[in-house]
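Biologist: Can you pull up the model so we can walk through it together? I have a few quick things to ask.

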Amino acid sequence: MLVRDRMTPNPVTITPATSFPEAFRILREKRIRHLPVVDKKGDLIGVVALTDLLHASPSSATTLSVFEMNYLLANLHVQEVMTSPPITVPEDVPLEEAARILVEKKIGCLPVMRNGELRGLITETDIFETFVEILGGEEASLRVTVRVPDVRGELARLSGLIAGLGGNLCSVARFRGEDPAHCYITFRLEGVEEEVLVPALRASVEEVVHVCCAS
């Protein structure tokens with residue numbers, strides 16, 4: 001799955017001259033948390049996040065009056081608080097690569113580019129929703145997590161075992177634990193009863209960690 005499949009296309013944008021109150025209003029009304037900042041030519045020059053605006057707001061401990069605070073905020077512009085230059089990704093980047101960048105850079109969104117033009121915005125929420133969907137397996141009736149050796153062919157072996165019992169895999173996810181020699185594999189599947197599947201797995205893997213009926 002690529003970034004273009006999950007991004008928000010044609011995101012709402014603002015200019016560096018947009019005022020603090022106006023940016024806040026747009027974020028609140030659109031129920032979003034990030035705004036790409038473009039110049040007069042439409043070129044991306046920055047990103048402003050809700051957290052940027054909150055950090056720029058006076059604290060409750062300030063000695064300024066309400067009128068003074070309102071005056072200062074009204075004269076504060078996005079260019080003073082935006083992140084520039086922004087970290088971006090091309091639209092044909094795999095979704096997991098975008099997720100890696102978000103984690104490594106500790107940021108909440110990535111503008112998505114095509115030939116130097118802003119095409120969309122991918123956020124941590126988009127990544128999280130995709131993760132939930134991957135593990136969701138709406139048609140699945142069972143969710144099973146097993147601990148197995150982290151060796152080549154292990155996933156294929158387990159898939160064959162489940163297929164041999166009449167099971168149909170709806171989604172599969174693999175996770176690393178503290179032990180580098182082992183990993184955890186979570187299946188969501190249908191077509192086989194728990195009473196049949198679990199004993200067969202216990203005879204074939206090091207540990208059946210968790211079993212539940214999928215919702």
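Modeller: Here we go through its sheets, helices, core and salt bridges, bearing in mind that this is a predicted model.

Biologist: Start with the sheets. What is the strand order in the open sheet of four strands?

Modeller: The order is β1-β6-β5-β4, and the pairing is mixed. β1 (8–9) and β4 (89–90) are the edge strands; each has a single partner strand, so one side of each has no neighbour in the sheet.

Biologist: And how do β1 and β6 pair?

Modeller: They pair in the antiparallel sense, over two bridges, with β6 covering residues 117–123. Proline 9 has glycine 120 as its bridge partner in β6.

Biologist: Which helix lies across β4, β5 and β6?

Modeller: That's α4, residues 95–105, and it runs at about 135° to β5 (109–114).

Biologist: Is alanine 98 in that helix buried or exposed?

Modeller: Alanine 98, which sits in α4, counts as buried because its relative accessibility is 0%, and the cut-off for buried is under 20%.

Biologist: OK, so what does alanine 98 touch?

Modeller: Leaving out residues up to four places away in sequence, alanine 98 touches Val3, Val93 and Leu110. Its C-alpha is also 9.1 Å from that of threonine 88, a residue ten places away along the chain.

Biologist: Let's switch to β8 and β9. How many bridges do they share?

Modeller: Eight, in the antiparallel sense, with β8 at residues 168–176 and β9 at 182–190. The two strands make a hairpin, with five residues between them. If you want a spot to click on, alanine 173 stands opposite threonine 186 in β9.

Biologist: Does β9 come up anywhere else?

Modeller: Yes, in the largest nonpolar core, which has 15 residues; Val146, Leu158, Leu189 and Leu197 touch the most other members. β9 supplies at least two residues of that core, and so does each of β7 (142–149), α6 (154–164) and α7 (194–202).

Biologist: Which residues is leucine 197 in contact with?

Modeller: Setting aside neighbours within four places in sequence, leucine 197 contacts Leu142, Val144, Ile162, Leu165, Leu189 and Val192. As a general point, nonpolar side chains in soluble globular proteins tend to be buried together.

Biologist: Now helix α1. Which of its residues are buried?

Modeller: Phe20, Ala23, Ile26 and Leu27, in a helix that runs over residues 20–30. They cover an arc of only 130° around the axis, so they are on the same side of α1. Arg28 and Glu29 are exposed on the other side.

Biologist: What about salt bridges? How many does the rule count?

Modeller: The count comes to 13. In α1, Glu22, Arg25 and Glu29 are linked in a network of them.

Biologist: Nice, how do those pairs look?

Modeller: Arginine 25 and glutamate 22 meet at 2.5 Å, N to O, and they are three residues apart in α1, about one turn of the helix. Arginine 25 also bridges to glutamate 29, with the closest N and O atoms 2.7 Å apart. That pair is four residues apart in α1, so about one helical turn separates the two.

Biologist: Why would that spacing suit a pair?

Modeller: An α-helix has 3.6 residues a turn, so residues three or four places apart point the same way.

Biologist: Are these residues out in the open?

Modeller: To varying degrees: arginine 25 is partly exposed at 29% relative accessibility, glutamate 22 is partly exposed at 30%, and glutamate 29 is exposed at 52%. Outside that helix, glutamate 117 and arginine 119 also form a salt bridge, at 3.9 Å from N to O. Arginine 119 is partly exposed, with a relative accessible area of 28%.

Biologist: Last topic: any odd backbone spots?

Modeller: A few to look at. Serine 84 and proline 85 are joined by a cis peptide bond, with omega about -5°, and proline 85 is in the loop between α3 (66–74) and β4. Asparagine 10 has a positive phi, near 45°, and belongs to the loop between β1 and α1. Asparagine 115 has a positive phi too, near 50°, and lies in the loop between β5 and β6.

Biologist: Are those two asparagines buried or exposed?

Modeller: Asparagine 10 is exposed at 68% relative accessible area, and asparagine 115 counts as exposed at 77%. Also, arginine 31, which follows α1, has a positive phi near 55°.

Methods. Residues are numbered from 1 along each chain as its sequence is written. This is a predicted model: local features need pLDDT of at least 70, side-chain atom pairs count only at pLDDT 80 or more; totals for chains, interfaces and linings use all residues. Side-chain values use heavy atoms; hydrogens and water are left out. Two strands pair if DSSP finds at least two bridges between them. Contact means heavy atoms within 4.5 Å. Axes are lines fitted to C-alpha atoms, for helices over the stretch in contact, and angles run from 0 to 180 degrees between N-to-C directions. Buried means under 20% relative accessible area, exposed over 50%, partly exposed in between (1.4 Å probe, protein chains only). The arc is that of the directions from the helix axis to the C-beta atoms. A nonpolar core is a set of buried Ala, Val, Leu, Ile, Met, Phe, Trp, Tyr and Cys residues joined through side-chain atoms within 4.5 Å. A salt bridge is a side-chain nitrogen of Lys or Arg within 4 Å of a carboxyl oxygen of Asp or Glu.
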